[in-house]
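Please take a moment to look over the sequence and the model before reading on. The paragraphs that follow begin with a single residue and then widen to the whole chain.

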Amino acid sequence: MLTQPPFALFALTDLSTSTLNSLLQEAHDDPSVNTWWWYLATLDYRAAPQRKPDGTGQIGTPAPIDPSFSSPFVGKSLEDVAQWLRGKPQTVDVDDRYFGVLDKQAEKSGKIAICRLNDPKVEKEVAWCILREADYSTLFLAGLDSDLDWNELVQLQRYTLEL
């Protein structure tokens, strides 16, 4: 039974459905995780995983996705993504702080940029991102449990998106 909500995944560049399917499948197939923890975000909050009254977690987006899928976040910025996350209704069951971004590197390298929202009082809404292989991305997120971990990692492995 899942208790951790899925993580939103935003494609900020135009990627083929084949690439999206491959990334989702690789993240799912990690034997330590083996669940659909990435939700491929759309603008429609009603299409997102919804909180269950019993508190059990939902799954994200299973592969294969609809072949006609086109990300509404292509050309958007990290600040746009932050607005989507901060504006989501309480009924939407995705992680409130950590999320993934797919940029031009995703197609070439099979990696997901993992990002974190800052405290809303901080000037920059999104902290730096860290690049991880798709098949390790959800295990990595499951192991993050403190700001100290994140801050140390960012100092060593900061990643700037390629849009």
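**From one residue to the whole fold**

Glu162 counts as partly exposed, because its relative accessibility is 32%, and that class lies between buried, which is under 20% relative accessible area, and exposed, which is over 50% (with a 1.4 Å probe and protein chains only). The accessible areas come from the Shrake-Rupley method with a 1.4 Å probe, and for residues only the protein chains shown count as cover. The model is a predicted one, in which local features need pLDDT of at least 70 and side-chain atom pairs count only at pLDDT 80 or more, while totals for chains, interfaces and linings use all residues. Residues are numbered from 1 along each chain as its sequence is written, and side-chain values use heavy atoms, with hydrogens and water left out.

Glu162 belongs to the segment after strand 6 (158–159), where helices (H or I, at least four residues) and strands (E, at least two) are DSSP runs numbered from the N terminus. Although 57 residues separate Glu162 from Gln105 in sequence, their C-alpha atoms are 6.7 Å apart in space. When residues up to four places away in sequence are not counted, Glu162 touches Asp103, Lys104, Gln105 and Lys108, a contact being heavy atoms within 4.5 Å.

With these terms in hand, the chain can be read as a whole. The protein chain has five helices and six strands, and along the sequence they follow the pattern β-α-β-α-β-α-β-β-α-α-β. Of its 163 residues, 48% count as buried. The chain exposes about 8200 Å², of which carbon and sulfur atoms supply 51%. Among the contacts between residues at least 6 apart in sequence, 70% join residues at least 24 apart.

Leu9, in strand 1, is one residue with partners far along the sequence, for Gly100 is 91 residues away in sequence but 4.5 Å away in space, C-alpha to C-alpha. Is Leu9 buried or exposed? Leu9 counts as buried, because its relative accessibility is 2%. Leaving out residues up to four places away in sequence, Leu9 touches a set of residues that includes Leu24, Trp38, Tyr39, Ala41, Gly100 and Ile112.

One of those partners, Ala41, sits in the loop between strand 2 and helix 2, and with 1% relative accessibility Ala41 also counts as buried. Ala41 and Ala8 are 33 residues apart in sequence, and the distance between their C-alpha atoms is 5.8 Å. Beyond its neighbours within four places in sequence, Ala41 is in contact with Leu9, Phe10, Phe69, Pro72 and Phe73. The loop between strand 2 and helix 2 also holds Pro64, and the peptide bond from Ala63 to Pro64 is cis, with omega near 5°.

After this loop the account turns to helix 2. The buried residues of helix 2 (residues 78–87) are Leu78, Val81, Ala82, Trp84 and Leu85. Seen down the helix axis, these buried residues fall within an arc of 160°, so they line one face of helix 2, the arc being that of the directions from the helix axis to the C-beta atoms. An α-helix has 3.6 residues a turn, so residues three or four places apart point the same way. The buried residues of helix 2 pack against strand 1 (7–11), strand 2 (38–40), strand 3 (98–102), strand 4 (111–116) and strand 5 (129–133).

Within helix 2, Trp84 counts as buried at 5% relative accessibility. Not counting residues up to four places away in sequence, Trp84 touches Ala8, Phe10, Tyr39, Thr42, Leu43, Tyr45, Phe73 and Val94. Of these, Leu43 is 41 residues from Trp84 in sequence and 7.9 Å from Trp84 in space, C-alpha to C-alpha.

Helix 4 (residues 134–143) can be read in a similar way, its buried residues being Ala134, Ser137, Thr138, Phe140 and Leu141. Down the axis of helix 4, these buried residues fall within an arc of 160°, so they line one face of the helix.
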